[in-house]
Amino acid sequence: MTDAAEPLAPDDLAARLTEVFDLVGPLYRRVHRKVELAAPLDGLSVGTRAVMVLLREHGPMTVPQLGRAQSLSRQFVQRMVNDAASHGLVESIPNPAHQRSSLIRLTAAGTAAVTAVVDREQILLRQVGGHLTDADVTACVHVLTRMLELFDDVDVD
């Protein structure tokens, strides 16, 4: 038995991280489906929602920046931006740093739509049980961040 505070040996770590992978996939698919089921209410696909949340959190960004931030292809992000623009949720504005790569920003309607989606998600997430602590969530974020860093070299385009 190892001390819970000691780093795991590589083989033990790999086995435990496999448990994480085995949970992340179904979790992602279930959340994806839940968002899809709510889409008629919001008019936002999972991809469009992801782009809009990034814009809400970080302000105007280029399509390539949005793609890199979410590990999505530029082409996919462009389709999501086009979809959001067709609904008046985002708009292109000039980019002072790069003439040919416009910045994408939320419109007032886009800000209202993404805020409504996130607020509804927060209500749902308040129902997570297990008496989770801030330390639990911090550890989870730490582990997932390290796992994501392992695959930083994977090209999504």
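This note sets out a few points on a predicted model.

1. Helix α2 covers residues 46–58, and its 13 residues reach 18 Å from the first C-alpha to the last. That span is close to the 18 Å expected at 1.5 Å a residue.

2. The helix α2 is mostly covered, with 10 of its 13 residues buried. The buried residues are V46, G47, T48, R49, A50, V51, M52, V53, L54 and L55. Both R49 and T48 are thus listed with nonpolar residues such as V51, M52 and L54.

3. Just after α2, the backbone at G59 takes a positive phi of about 80 degrees.

4. The structure holds 1 aromatic pair. Its partners are F21 and F151, whose ring centres are 6.2 Å apart; the planes lie at 70 degrees, so the pair is edge-to-face, the cut-off for that class being over 60 degrees. F21 belongs to helix α1 (residues 10–42) and F151 to the segment after α6, so the contact ties together parts that are 130 residues apart in sequence.

5. Are the two rings' residues buried, partly exposed or exposed? F21 has a relative accessibility of 46% and counts as partly exposed. F151, at 41% relative accessibility, also counts as partly exposed. Both values fall between the 20% and 50% limits that separate buried from exposed.

6. On the surface, L125, V128, L132, V137 and V141 make a nonpolar patch of about 460 Å². One of these residues, V141, lies in helix α6 (residues 134–150). V141 is partly exposed, with a relative accessible area of 48%.

How values were computed. Residues are numbered from 1 along each chain as its sequence is written. This is a predicted model: local features need pLDDT of at least 70, side-chain atom pairs count only at pLDDT 80 or more; totals for chains, interfaces and linings use all residues. Side-chain values use heavy atoms; hydrogens and water are left out. Helices (H or I, at least four residues) and strands (E, at least two) are DSSP runs, numbered from the N terminus. The expected span of a helix is 1.5 Å times one less than its number of residues. Buried means under 20% relative accessible area, exposed over 50%, partly exposed in between (1.4 Å probe, protein chains only). Patches are made of residues with over 30% relative accessible area and no salt bridge: like charges are joined within 9 Å, nonpolar side chains (Val, Leu, Ile, Met, Phe, Trp, Tyr) within 5 Å. Accessible areas come from the Shrake-Rupley method with a 1.4 Å probe; for residues, only the protein chains shown count as cover. A salt bridge is a side-chain nitrogen of Lys or Arg within 4 Å of a carboxyl oxygen of Asp or Glu. Rings of Phe, Tyr and Trp (its six-membered ring) pair if their centres lie within 6.5 Å; planes under 30 degrees apart count as stacked, over 60 as edge-to-face and the rest as tilted.
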